[in-house]
Amino acid sequence: MTEDARFEDAQPAPLRLRAMDADDLQVVSSLVQDAVFPITEMTWQRSQRRFAILLNRFRWEDAARGRAERVQSVLAIEDVQTVKTQAIDRDDKDLVLSLLSITLEPGEDGTGRVILWLAGDGAIAVDVETLEISLRDVTRPYLAPSGKVPRHED
């Protein structure tokens with residue numbers, strides 16, 4: 001008799017996820033919690049209707065094993081109509097932002113507003129025609145510079 005495969009036995013592989021509904025978005029949001037990125041690494045490609053961020057994602061999937069790793073990932077939102085920011089100095093090219101969560105405010109006929117909530121009361125609101133978000137790791141994991149798992153005070 002053979003044993004079932006265990007999650008712990010898996011080899012670290014790059015993440016490639018797509019969110020097409022609110023439940024999928026919760027998974028992506030949990031995986032990008034505490035990601036950090038320079039303001040210069042976010043871009044809105046109007047002609048392609050895409051908003052993308054190259055972020056340094058904390059690898060929550062390995063945190064339970066005591067690993068404090070990060071990986072560079074691309075978070076891409078498709079079918080974008082508008083992008084607005086709140087409480088972010090877009091002229092400060094040295095600004096580093098910390099992503100806390102992603103939520104969806106559904107609109108009519110499949111439209112909606114994707115909100116990226118940032119530390120320090122900042123937010124990025126992305127109006128979309130339909131929900132389609134991808135998260136893709138683009139580098140190998142590396143030891144988090146702090147060597148620690150992010151913590152949130154209650």
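## Starting with strands

Before we look at who faces whom, one definition helps: two strands count as paired if DSSP finds at least two bridges between them. Keep in mind that this is a predicted model.

With that in hand, take R70. This residue stands opposite Y142 in β11. The strands behind that contact are β5 and β11 (residues 142-143), which run antiparallel and are joined by two bridges. So the pair just meets the cut-off of at least two bridges.

## Strand β5 and its neighbours

R70 has another partner to look at: F58 stands opposite R70 in β5. Here the pairing is between β4 (residues 50-58) and β5, again in the antiparallel sense, and it spans eight bridges.

Strand β10 (residues 133-137) also pairs with β5, antiparallel once more, with five bridges. If you want a spot to click on, try L75, whose bridge partner in β10 is L135.

How many of the residues of strand β5 are buried? Seven of the nine residues in 69-77 are, so β5 is largely enclosed by the rest of the structure. A76 sits in this strand and counts as buried because its relative accessibility is 6%, and the cut-off for buried is under 20%. You can also use A76 as a landmark: its C-alpha atom is 13 Å from that of D127, a residue 51 positions away along the chain.

## Around strand β7

Now move over to β7 (96-106). On one side of the story is β2 (residues 35-38), which runs antiparallel to β7 and is joined to it by four bridges. Within that pairing, P38 stands opposite V96 in β7.

β7 also pairs with β8 (112-118), this time through seven bridges, and these two run antiparallel as well. P106 has G112 in β8 as its bridge partner. The two strands make a hairpin with five residues between them, and in this hairpin D109 takes a positive phi near 55 degrees.

## Salt bridges

How many salt bridges does a search of the whole structure find? The count is 11. One of them links E129 and R49, with the closest N and O atoms 2.8 Å apart. E129 is in the loop between β9 (123-128) and β10, while R49 is in the loop between β3 (42-45) and β4, so this pair ties together parts that are 80 residues apart in sequence. Both ends count as partly exposed: E129 because of its 36% relative accessibility, and R49 because of its 30%.

Two more are worth finding on screen. The side chains of E61 and R57 meet in a salt bridge of 2.9 Å, N to O. R57 counts as buried, since its relative accessibility is 0%. The other is between D62 and R67, where the closest N and O atoms are 3.6 Å apart. D62 is buried at 3% relative accessibility, whereas R67 is partly exposed at 32%. These residues belong to something wider: salt bridges that share partners join R57, R59, E61, D62, R67, E69 and D137 into one network.

## Unusual backbone angles

R49 comes up again here. Although R49 is not a glycine, its phi is positive, at about 55 degrees. As we saw, R49 lies in the loop between β3 and β4.

D121 is another non-glycine residue with a positive phi, about 70 degrees in this case. You'll find D121 in the loop between β8 and β9. Is D121 buried or exposed? With a relative accessible area of 64%, D121 is exposed, because exposed means over 50%.

## A negative patch

Last stop: the surface. Which residues form a negative patch there? They are D89, D91, D92 and D94.

Pick D91 for a closer look. D91 lies in the loop between β6 (80-86) and β7, and its 69% relative accessibility is why D91 counts as exposed.

How values were computed: Residues are numbered from 1 along each chain as its sequence is written. Side-chain values use heavy atoms; hydrogens and water are left out. Patches are made of residues with over 30% relative accessible area and no salt bridge: like charges are joined within 9 Å, nonpolar side chains (Val, Leu, Ile, Met, Phe, Trp, Tyr) within 5 Å. Accessible areas come from the Shrake-Rupley method with a 1.4 Å probe; for residues, only the protein chains shown count as cover. A salt bridge is a side-chain nitrogen of Lys or Arg within 4 Å of a carboxyl oxygen of Asp or Glu. Lys and Arg count as positive and Asp and Glu as negative; His and the chain ends are not counted. The place of a charge is taken as NZ of Lys, CZ of Arg, CG of Asp or CD of Glu. Buried means under 20% relative accessible area, exposed over 50%, partly exposed in between (1.4 Å probe, protein chains only).
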